[in-house]
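Subject: A structure for you to look at

Hi there,

Here is the structure I promised to pass on to you. Please open it in your viewer and keep it beside this email while you read.

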Amino acid sequence: MKKFVRLFSLCLAAVLVLSSFGCTGKSPSPEKETHPALAAADLKIGVLFSDDASINGQSYFQKIGIENAMQKLSLKEEQVLYKTNIADVSFEAEGKLTTTTAPTETTTEKEETEKKTTAKSTEPESFTDDEGNNVIVATPVTPVPAETAVEAVFDLLEKGCNVLIATDAVYDDFTAWVAGQYKDLLVLQYNGTHTDLANVQPYSIKLYEGFYMAGAVAGALGAKNIGFVAGVKDDAAVQNINAFALGCAKYNKDAKLTVRYTNVPFDLSLERTVPETLIEKDKCDLIAQSVLTALPQAVASNQDGEYKFEPVACIGFGYDMAADGGKQSVCSVMFDFGVYFEKTLSALTDGTFEATAYVGGITDGVVTLSKLYTDSAKAAEAQKAVADAFAKGLDVFEGVTAAKGEYAANVTVK
């Protein structure tokens, strides 16, 4: 009997995952042969997203990074094909990646199917109440059938793709399987663990380095009771929180970090109420975050005027959130996947590409801190000192043992 395998996202202690971002836990292979150069005009890139890549999440920022890299390298828009909402990564482990033999619908049949689907999806559910009023309950939407990863990849290969970018760790074992069958296909796998394949390059970022630097800035500013808004608790979230706390403690031994999780990837209500609680109930004097909306900044700075407390300083995440933090904005932890994609695609075209694991951080420019919006000389000195330390090989967690289970000594989770 053929064995069918359903893969799930691998969550290893040393792997950072985007709602969080991170780095691979395996050491790269010692050396790999360079791949023959591909002419820029011959590059055809297929990209897998596990969601629709349309909101502020790791998929969205990777898509922006790919687009920026394509533009800088003067590649044409038609040279990249996106596959979104590819969440089904089941595949036939003992089989081959081959085309289906199912007959395709004729144009007429397809049009008729689309008409029926459209009619069904726009017909509202309703009833008439006792007073004769027509009450609409809901407008049901017929979901678009999602492609499986196998279907998506085969379609990309049929369309001539010679590079596959898998933007989620959920694809890790699947892309290794594909790479084993198509030796000429180059696979770039986010948070991948397969470092022994000649045509697969795992890539990841040390986002926690940015949080360490931001923590150092907060500590240098003298903040003592810092609130931290986090989303879903996972290894990446804990790592970012600890790095921020260690940076704070480096420059202010009295600094304390109070963390509150929303426990969901994205929630517009919680991302307002959690920072409000940190300020009003926990008496925090600075708000930092690892959620990707600027709502905590708007709350901390009291930009919308809904809250009745004095504004506090704030540190953003993902992009420069100064516009939302206003005068209270200190800085933002940022990242730029475009740096990696530009470097890698350039290497593919000049013949220097090697499929060794890529882990980027502060020194690579993949992880950065925005401009400092404070005139504090101590904060500027702290930022420079940390940057210099990273340039000399600083490992944030070297020799550090969590004092409270999994958290640093100056962290309290509520």
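Let's start with the empty space inside. The largest cavity holds about 30 Å³ of space. One thing to keep in mind as you look: this is a predicted model. Rolling a probe the size of a water molecule over the atoms shows where empty space is left.

Which residues line this cavity? The lining consists of G46, V153, L156, L157, C161, V163, L164 and L185. Two elements each give two or more residues to it, namely α3 (149-158) and β7 (163-166). Helix α3 gives the most, with 3 residues. Sorted by class, the lining has 7 nonpolar residues and 1 polar residue, with no charged ones.

Now zoom out to the whole protein. You will find 11 helices and 17 strands in it. Of the 414 residues, 48% are buried. The protein exposes about 20200 Å², and 52% of that area is supplied by carbon and sulfur atoms.

Next, the sheets. Strands of a sheet pair through backbone hydrogen bonds, either parallel or antiparallel. Both sheets described below are open, and you can trace each of them from one edge to the other.

The sheet with parallel pairing has 6 strands, in the order β3-β2-β7-β8-β9-β15. Its edge strands are β3 (80-83) and β15, each of which pairs on one side only. From one strand to the next, the twist averages 20 degrees. You have met one of these strands already: β7 helps to line the largest cavity.

Strand β9 (residues 200-205) is a good place to pause. How many of its residues are buried? The count is 6 of 6, so by the under 20% relative accessible area cut-off this strand is mostly covered. In a regular strand the side chains alternate between the two faces of the sheet. In β9, V200, P202 and S204 point one way, while Q201, Y203 and I205 point the other way, and all of them are buried.

Strand β9 also has a partner on either side in the strand order. Strand β8 (residues 186-190) runs parallel to β9 and is joined to it by 4 bridges. Across that pairing, Y190 stands opposite Y203. With strand β15 (residues 358-360), β9 shares 3 bridges, and these two strands run parallel as well. There, S204 has V359 as its bridge partner.

The other open sheet is made of 7 strands, and its pairing is mixed. The strands follow the order β16-β14-β13-β12-β10-β11-β17. At the edges are β16 (367-369) and β17 (411-413), which each pair on one side only. The twist here averages 20 degrees from one strand to the next.

For an antiparallel example in this sheet, look at strand β14 (residues 329-335), which pairs with β16 over 3 bridges. Which residue of β16 is the bridge partner of V333? That partner is L369.

Enjoy exploring, and send me your questions whenever you like.

Best wishes

Notes. Residues are numbered from 1 along each chain as its sequence is written. This is a predicted model: local features need pLDDT of at least 70, side-chain atom pairs count only at pLDDT 80 or more; totals for chains, interfaces and linings use all residues. Side-chain values use heavy atoms; hydrogens and water are left out. Buried means under 20% relative accessible area, exposed over 50%, partly exposed in between (1.4 Å probe, protein chains only). Accessible areas come from the Shrake-Rupley method with a 1.4 Å probe; for residues, only the protein chains shown count as cover. On a 1 Å grid over the protein atoms alone, a cavity is a set of points where a 1.4 Å probe fits but cannot get out, and a pocket is an open set with protein on both sides within 12 Å along at least five of seven lines; lining residues have an atom within 4 Å of a point. Grid points are joined across faces, edges and corners, and a volume is the space filled by probe spheres set on the points. Ala, Val, Leu, Ile, Met, Phe, Trp, Tyr, Cys and Pro count as nonpolar, Asp, Glu, Lys and Arg as charged, and the others, Gly among them, as polar. Two strands pair if DSSP finds at least two bridges between them. Axes are lines fitted to C-alpha atoms, for helices over the stretch in contact, and angles run from 0 to 180 degrees between N-to-C directions.
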